[in-house]
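Trainee: I am new to this structure and would be grateful for a close look at one part of it. Please describe how the two domains of chain B meet.

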Amino acid sequence: MKASQKPTIPLSTDLHANVERIQTRLGGSSDIIIRPLELNFPQEQCSLVLVYIDGLVENAAIHEFIIQPLLTVQDSDNAAEDYVGIKNVLQQIISIGELTSAANETDLFEGILQGHTAILIDGVSEALIATTCGWERRSIDEPQTQTVIRGPKESFTENIRTNTTLLRRKIKSPDLRFESLSIGRYTQTKIIITYLEGVANTTVLEEVKRRLHSIDTDSILESSYIEEFIEDKIYTPFPTIMNTERPDAAAAGILEGQIIILIDGTPFVLLTPVTFFKFLQSSEDYYQRYDIASFVRLIRYMSFIISMLLPSLYIAITTFHHEMLPTTLLIGLAAQREGVPFPALVEAFLMEITFEVLREAGVRMPRVVGPAISIVGALVLGQAAVQAGLVSAAMVIVVSFTAISNFVVPAINLAVAARLIRFFLMVLAGTLGLFGILVGCMTILIHMASIKSFGVPYLAPLAPFIKQNVKDIFIRLPWWRLNTRPTNLTTNNQRQPAAPQPADAKNNKS
Amino acid sequence: MLIKLRILTKSFPILLLCTLLTGCWDRTELNKIGITSATSIDWVNNHWQVSYQLVIPQSISSQSAMGTSNQQAPVMVFSTVGDSIQTAIQRASLEMPRTLFFAHNRVMIIGEDAARKGIGQLIDNYLRSATSRETVSVLITRGTGRKILEQLVPMEKIPGAAIQNMLLNEDKHNSDLKQVMVYQLAMSMSGDSGYSTVPEIFIAGRGVESTNVEELKSTKAETKLKMGRLAVFKKDQLIGWLSLNDGFGINWIMNRIDQTVLFFSCTPGSKHVQSAVHIIHAKTRLKPTQQNGQWVMKADVQATAQLIENGCDIDPSKREGIKALEKLANHAVTTSMQDALRSTQAMKADVLGFATSIHKKDPKAWKQMKENWDEIFPQIPLETTVNISIERLGMSSKSFVDILKGKQE
Amino acid sequence: MERISKFQLAMMIILFQIGSTPLFALGGKAKQDSWLAMLAAAICGLFLLLMFLFIQRRAPDKDLIGLLRLCFGNIIGNFLGAAFVLYFAYESMRNVRDFGEITTITLLTSTPQLVIMLIVVVLAAYAICMGIEAFCRVVEILTPIVICSYSALVILIFSSNLVKLDRLLPIMENGPVPVLKAAFPDIVSFPFGQTVVFFMLYKLLYNKKKFCRVSMIAYSSVALFLILMNMLDMMVLGPTLSGESTIPFLQAVQLIQVGDFLERLDVFVTLLLFLGLYVKLTMFYWASAYGLAELLGTKSKLPIYGVGAVIFATSFLEPDYTYHVWLGIEVSVKFFPIFQVLIPLMMFVAILIRKPHSPPPLADTKSNNIMGEETIG
């Protein structure tokens with residue numbers, strides 16, 4: 001059921017009935033604390049019950065800011081008799097920053113289960129919800145997956161409030177907006193949509209909101225769940241939504257007009273809309289000088305292509321197009337293949353699958369055993385297989401180089417696409433040679449050209465060609481040249497005044 | 001119904017892909033191809049005999065862990081016979097476990113008998129086949145081509161590559177004999193004059209032929225491959241031979257000199273060669289002109305050289321010395337060119353490109369001369385102007401012999 | 001509504017014209033003056049293009065079928081439209097067959113042509129199903145790659161010392177007559193007259209200002225490139241060899257030897273030719289399917305499959321390569337000028353009568369994606 005469709009059962013005015021209701025609904029779990037209080041006003045007794053869940057709340061806050069003031073209340077002036085008055089009185093006494101009220105059961109339970117304290121008042125059919133959440137949380141750490149040599153070393157955590165704080169610390173503009181909603185029937189995961197007002201495209205924003213609101217599911221445990229629900233094209237290996245663990249990457253995206261989706265419970269936030277070329281950019285490109293950054297970026301593009309094509313090229317050339325190799329290389333390879341039992345395609349598949357197994361094993365292995373097993377894997381499997389005559393040495397080199405090139409791609413979801421496509425291309429290469437590879441590449445190209453990420457074509461700005469945006473694709477021009485934001489994301493273009501000059505050399509001479 | 005149609009059409013490409021797995025029609029593994037490094041064509045007993053020199057990869061590559069591979073020869077040679085060239089090649093499957101692969105073929109050696117019969121068919125084969133390279137060098141030999149293929153060359157593992165390297169070396173540094181590739185041969189055979197030249201290779205020395213790896217273990221080889229004369233073809237048939245000197249002169253006339261060493265004597269006309277210059281750049285402009293209704297070819301040679309051997313008593317460190325040496329060099333080139341002209345005119349073979357020059361200059365006149373070119377060509381004189389400038393002298397200036405003579409007195 | 005930008009149009013014109021042209025030695029009858037024949041044909045093609053653009057400018061929001069209906073009325077317009085649909089499908093079929101033949105000659109000799117042609121027709125159908133916008137993006141990415149590759153090959157040819165300028169001499173040895181005979185109608189109809197297919201594309205531009213200029217610049221640059229390639233062929237191979245070779249450019253590339261390892265590059269040329277042929281055949285296929293859909297008034301994808309099946313099936317009708325070439329050079333080239341010259345001429349006259357003034361410049365049409373138009377074209 002969607003959030004808007006939940007039946008709203010109002011609370012009753014009877015305190016005991018409410019408490020009974022809470023006990024039944026929550027099943028009398030042992031971590032629910034129900035604390036009755038009596039307020040002594042001169043005119044009358046006021047019964048209160050505090051309900052909270054131990055472990056989700058910050059006990060000190062409850063003791064100091066709720067229970068303490070309530071117990072020591074001495075207010076002779078406010079002889080409140082109608083319910084409005086009592087609420088106002090309590091709002092004056094309870095010294096918690098955020099104090100809201102719940103008029104129906106849904107909001108009440110939501111409040112309690114999120115770690116707030118519910119204050120039920122006898123005779124009042126509304127409950128006060130005081131924000132007291134505090135639980136064990138992981139401190140801000142270095143990012144595990146997307147590391148840089150130079151640059152900030154903070155990473156998002158599982159707590160959504162910490163994440164929004166990290167973003168606020170990067171972008172101190174009043175235009176930064178957060179809009180929250182809860183998704184997931186059982187998990188009620190808090191989702192926050194973040195964008196920069198005036199820069200983000202309103203059509204895309206509307207579309208994002210529409211898609212998020214139409215998700216109806218049991219649980220949202222990670223951002224990938226949301227990703228799969230809201231992404232554009234279903235049957236594609238290419239990712240259309242980017243994710244990152246780094247606040248600086250997220251902030252950079254916001255400043256370019258992207259829309260960030262923060263999800264409680266996971267440090268990975270989603271960025272949309274994205275193009276293909278964004279996956280091959282890393283934050284490090286912007287923290288190093290533009291010349292080395294451009295060079296490294298070109299290497300990344302090359303590695304991506306190599307990781308997709310190298311095994312297929314090897315298979316195609318050595319089985320179909322022997323004339324392309326220089327003679328000495330051909331003779332060397334031919335000598336290596338003497339005595340190898342399998343055809344090149346089968347050999348390639350064997351080695352690739354072996355490598356995938358090794359890689360998976362490397363991820364699951366406990367840290368202590370890790371290095372030993374990887375050495376064993378690499379040396380034993382590779383070297384020994386060659387010596388035993390099962391595979392040729394050239395094939396081992398090809399497979400290892402492919403695997404290493406795969407790691408160069410900064411975004412893992414794109415690297416995965418390359419891994420999957422590789423097999424498809426290998427089959428084509430093994431049956432039709434270079435023609436097969438060409439057909440495969442054309443299919444992939446056509447497929448990529450037809451993908452749109454929230455209305456932005458996947459291959460922009462190369463196709464359709466937008467001249468201003470090409471400054472940051474294959475190479476990175478220095479900051480003083482990057483004076484416009486990418487136009488496919490936003491119409492608010494001016495990032496800075498047109499091409500300001502760097503500090504004039506003449507001034508530096510003295 | 002419509003959904004089923006959509007599923008069918010969407011899964012069609014995948015089904016298509018599966019059918020591919022049933023047969024990879026063009027796939028050949030590396031260890032199923034026989035890499036040919038040299039081929040030869042002979043005409044034996046009214047049949048074409050095609051011989052192939054196949055590379056044995058294990059004995060060449062340093063990869064193999066077997067120690068015994070050193071004992072095996074790096075190549076093997078065998079021949080097949082047929083009525084047409086392709087028939088002969090086809091017969092190879094009767095004795096060969098691998099398919100012949102010609103893309104790395106470097107050299108084509110034509111036996112003398114085959115050359116006299118006519119190699120037009122061979123050229124057709126080359127042009128028609130998609131896999132054979134037209135950049136294969138063509139060589140001709142005195143006896144049968146097969147003998148050349150069987151010869152091992154001490155410095156290189158693959159004799160076919162060795163022969164081509166020898167040819168390239170000669171082409172670039174000596175310029176006596178130029179490398180002729182199949183397409184060049186095709187172009188000159190079908191060109192205006194129809195005459196072409198092909199270098200010759202033969203086995204020099206007497207004794208046991210180096211067909212055995214054991215033979216190579218000694219420091220001297222009793223027989224070796226050597227390049228020799230220049231063969232002249234009219235259309236596609238061999239008609240005669242020219243000497244190395246003629247070849248040298250021909251290359252001067254046709255602007256085909258890359259780098260060479262020019263020898264000359266100290267007095268013009270003498271045969272006693274004493275000095276040499278290394279020609280670094282050379283350019284010849286060949287222009288046809290008409291004088292009194294008679295066609296005359298003007299050859300204008302410009303070259304730069306470096307003195308590498310000085311046996312004359314001329315002091316090159318003086319202006320006059322250099323001029324004198326240059327004059328001697330010029331004379332040597334002129335003699336060479338005129339000798340070449342005489343030899344080719346004696347054969348009525350226009351391998352000098354005169355016909356093409358005239359055709360390009362004056363197509364109408366060419367149309368009239370085309371029929372009788374064989375008679376007209378021997379009458380055409382060549383006027384030469386040679387200008388060699390000796391730019392550098394090397395590390396010393398005066399001739400050492402000269403210095404010694406000076407010391408004796 | 002799908003929209004394309006002017007830059008995409010230019011790239012499409014370039015890659016389409018390059019297509020399979022380097023494959024053939026056009027103007028072979030003129031021997032070493034073939035480049036002059038191409039020049040003459042290019043100039044004539046430019047005039048044809050001007051005429052096409054003029055016609056289109058009078059009704060910028062109509063494609064070919066629309067224009068035919070406008071000029072000749074519905075019945076004749078529909079009939080001519082159907083004829084054009086058939087013409088485009090035939091051109092596409094010729095390209096499919098070319099594709100199959102080249103692959104079988106050079107790359108994959110034992111693979112049955114059925115498989116190759118089937119794969120390429122399926123690939124073309126896939127591209128068209130994804131929409132003309134997606135296809136134009138693909139072309140945008142392919143064109144720079146193709147141009148760079150050709151340039152690299154040209155540089156390599158020059159570095160191998162294969163080029164001899166004097167093979168182009170003597171110029172006009174037999175006078176201008178063989179040159180003109182070789183140019184008309186052969187070269188005009190292939191490839192220069194095939195720009196008639198772009199009638200289907202102009203309607204889809206978002207920004208209809210100055211599309212004439214873009215088309216002409218693209219056409220002229222491509223024509224220049226093709227003439228240079230023809231000259232190169234002649235300079236490397238000479239008139240005899242290039243005349244009797246089936247794929248002269250391939251022959252020329254086979255002679256490249258730079259360093260010791262850059263040899264035997266003809267596989268790259270074949271791949272480049274594939275890209276060109278593929279774009280051409282998909283473009284014709286799309287024009288045919290789109291025209292058919294418009295004639296029938298449907299929006300479904302059935303015409304795509306229908307036309308594709310017809311193209312694939314008819315490509316088997318020719319029994320061998322000689323027949324295919326003969327059909328192309330002797331027969332088709334006499335028919336094509338009807339579609340490329342005659343009917344457009346009639347349209348030209350008709351549109352002068354019916355719409356004597358061109359409409360005022362249209363407001364730019366908005367696309368269905370979020371890009372702002374002022375940044376495009």
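Mentor: The following account concerns the interface between these two domains. This is a predicted model, in which local features need pLDDT of at least 70, side-chain atom pairs count only at pLDDT 80 or more, and totals for chains, interfaces and linings use all residues. Residues are numbered from 1 along each chain as its sequence is written, chains are lettered from A and ligands numbered from 1 in the order in which they are written, and side-chain values use heavy atoms, with hydrogens and water left out.

In chain B, domain 1 comprises 29-60 + 69-242 and domain 2 comprises 244-409; such bounds come from an automatic or database domain assignment. Their C-alpha centres are 32 Å apart. Domain 1 of chain B brings 20 residues to the contact and domain 2 of chain B brings 25, where contact means heavy atoms within 4.5 Å.

Together the two domains bury about 1800 Å², with 55% of it on carbon and sulfur atoms. Buried area is the accessible area (1.4 Å probe) that two parts lose on being put together, summed over both. Of the area that domain 1 of chain B buries against domain 2 of chain B, Asp192(B), Tyr195(B) and Leu242(B) supply 35%, more than any other three residues.

The interface also holds 2 salt bridges, each a side-chain nitrogen of Lys or Arg within 4 Å of a carboxyl oxygen of Asp or Glu. Lys234(B) forms a salt bridge with Asp374(B), their closest N and O atoms lying 3.3 Å apart.
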